[in-house]
Each structure stands twice: as C-alpha cells, then as structure tokens.
Amino acid sequence: MFSIGDYAVCPGHGVGQICDIEEREMGAQKKTFYIIKILANGMTVMVPTDSETGIRGLVGDSEVEEVYKLLKDHDIKVDNSTWNRRYREYSAKIKTGSVVEIAEVLRQLFLLKEKKALSFGEKKMLDQCRELLAQEFSLSNQSDKNSVNDKINSYFQ
C-alpha cells in the first residue's frame with residue numbers, strides 16, 4: 001500500500017508521485033484508486049489500489065547494480081531484424097516496467113547505433129529508456145539525474 005506523497009513506477013509511463021487516493025463507484029461496487037502525477041510529462045494516471053501490475057515501488061540498490069552490470073556487458077548478439085519488428089519487441093519490454101527489461105532495450109539500441117543509423121522511433125525509444133532509468137535511479141538513490149545519465153552514457157563511449 002502506498003501513501004500520498006510516495007513515488008511509484010507506472011509501467012510504460014515512468015516514475016510518478018501519488019497525489020491522492022480516491023474512491024469511485026464502478027457500477028455497483030466502489031473501487032479505490034491511486035491518483036498519480038507522472039514526473040516526466042505531468043500526466044495524471046488513475047491506478048486501482050488492488051491492481052497486481054498497476055504500479056510498483058522504486059528499485060533498490062541491488063537492482064540498480066544489476067542494471068549497471070547489464071549495461072557494462074557488451075558481449076551480446078545485436079538484433080538485426082527490421083526496425084518495426086524491433087520496435088514492437090522493445091515497446092513490449094518497456095511496458096513491463098522492469099528496469100532490467102528497459103536496460104536490455106537501452107543496451108540493444110546503443111549497440112545497434114554503433115553499427116548503423118537508428119530510425120526516428122528507435123532514437124526516441126533510446127532516449128525514453130535512458131530517461132526512465134535515470135529518473136528512477138536518481139529518486140531511489142537521492143542523486144542528481146544528470147550524474148545518473150552521465151553514468152549510463154559512460155558505458156557506451
């Protein structure tokens with residue numbers, strides 16, 4: 001259970017702050033919702049409090065280290081399928097909200113960028129992944145988002 005003021009991650013949207021907890025009537029029953037303001041774009045999202053996959057808490061230090069370890073490992077096969085097929089696969093991974101999945105997409109796109117030019121959508125997706133990770137890591141470690149971004153970028157220089 002989250003409280004007003006807590007930070008939570010909405011898969012596909014990123015980190016948000018819980019602004020309110022409201023009760024609404026849905027047909028014959030009452031449901032309770034978290035009202036979350038997404039930090040990246042100011043969008044407001046309603047998520048049922050009883051949803052299993054609706055939101056999750058910020059990652060801990062062990063998950064952050066696991067992501068950095070994953071980003072450091074460049075000894076992987078780069079996906080050479082068509083850009084639209086990659087885009088669909090990567091979108092599905094990002095929507096899970098898992099930092100490991102998002103980091104895998106980020107690594108794939110960075111490594112693919114070294115071999116060939118990315119499509120406009122892939123460039124946007126690379127920036128989105130970097131932003132999602134930097135936002136969450138900076139909040140979970142109380143650090144500066146720019147320094148987290150710099151650390152992520154340092155793995156691909």
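Strand 3 and strand 4 (residues 44-48) pair in the antiparallel sense, with five bridges between them. This pairing is a good place to enter the structure, which is a predicted model. One of the contacts sets Ile-35 opposite Met-46 in strand 4. The two strands make a hairpin, with five residues in between. Gly-42 sits in that turn and has a positive phi of about 80 degrees.

Stepping back, the protein has five helices and four strands. Their order along the sequence is simple to remember, as it reads β-β-β-β-α-α-α-α-α. The C-alpha trace spans about 55 × 35 × 25 Å along its principal axes. Of the 157 residues in the protein, 41% are buried.

Back among the strands, strand 3 (residues 29-38) also pairs with strand 2, again in the antiparallel sense, and here ten bridges do the joining. Asp-20 faces Ile-35 in strand 3, and Ile-35 in turn stands opposite Met-46 in strand 4. Another bridge matches Gly-16 with Ile-38 in strand 3. Strands 2 and 3 form a hairpin with two residues between them. Gly-27, in the turn, has a positive phi of about 70 degrees.

Strand 2 has a partner in strand 1 as well: the two run antiparallel and are joined by four bridges. Tyr-7, for one, has Gln-17 in strand 2 as its bridge partner. This is a hairpin too, with three residues between the strands and Gly-12 in the turn at a positive phi of about 90 degrees.

The helices come into view through the aromatic residues. The structure holds four aromatic pairs. One of them joins Tyr-68 and Phe-137 in an edge-to-face arrangement, with the centres 5.6 Å apart and 80 degrees between the planes. Tyr-68 belongs to helix 1 (residues 61-72) and Phe-137 to helix 4, so this pair ties together parts that lie 69 residues apart in sequence. Tyr-68 is buried, at a relative accessible area of 5%, and Phe-137 is buried as well, at 0%.

Tyr-68 also pairs with Tyr-155. Their ring centres are 5.8 Å apart and their planes meet at 35 degrees, so this pair counts as tilted. It too links distant parts of the chain, as Tyr-68 is in helix 1 while Tyr-155 is in the segment after helix 5 (145-154), 87 residues apart. Why does Tyr-155 count as buried? Its relative accessibility is 17%, and the cut-off for buried is under 20% relative accessible area. Taken together, Tyr-68, Phe-137 and Tyr-155 form one aromatic cluster. Tyr-68 has a charged companion too, with Lys-151 lying over the face of its ring at 4.2 Å from the ring centre.

That leaves the empty spaces. The largest pocket holds about 160 Å³ of space. Its lining is made up of 13 residues, and those nearest the centre are His-13, Gly-14, Ala-40, Glu-131 and Leu-132. Strand 2 (14-26) and helix 4 (120-140) are the elements that give two or more residues to this lining. Helix 4 gives the most, with four residues. By class, the pocket lining has six nonpolar, six polar and one charged residues.

There is also one cavity of 30 Å³ or more. The volume of the largest cavity is about 70 Å³. Among the 13 residues that line this cavity, Val-9, Cys-10, Gly-14, Ile-102 and Leu-132 are the closest to its centre. Strand 1 (7-10), strand 2 and helix 4 each supply at least two residues of the cavity lining. The classes here come to seven nonpolar, four polar and two charged residues. Gly-14 and Leu-132 thus turn up in both places, being among the residues nearest the centre of the largest pocket and among those closest to the centre of the largest cavity.

Methods:
Residues numbered from 1 in each chain as written. Predicted model: local features only at pLDDT ≥ 70, side-chain atom pairs only at ≥ 80, totals over all residues. Heavy atoms only, no water. 1 Å grid on protein atoms, 1.4 Å probe; cavity = no way out; pocket = protein on both sides within 12 Å on 5 of 7 lines; lining within 4 Å. Points joined across faces, edges and corners; volume = space filled by probe spheres on them. Nonpolar A, V, L, I, M, F, W, Y, C, P; charged D, E, K, R; others polar. Pairing = 2+ DSSP bridges. Phe/Tyr/Trp six-rings, centres within 6.5 Å; stacked < 30°, edge-to-face > 60°. Buried < 20%, exposed > 50% of the residue type's maximum accessible area, 1.4 Å probe, protein only. Lys NZ or Arg CZ within 6 Å of the ring centre and 35° of its normal.
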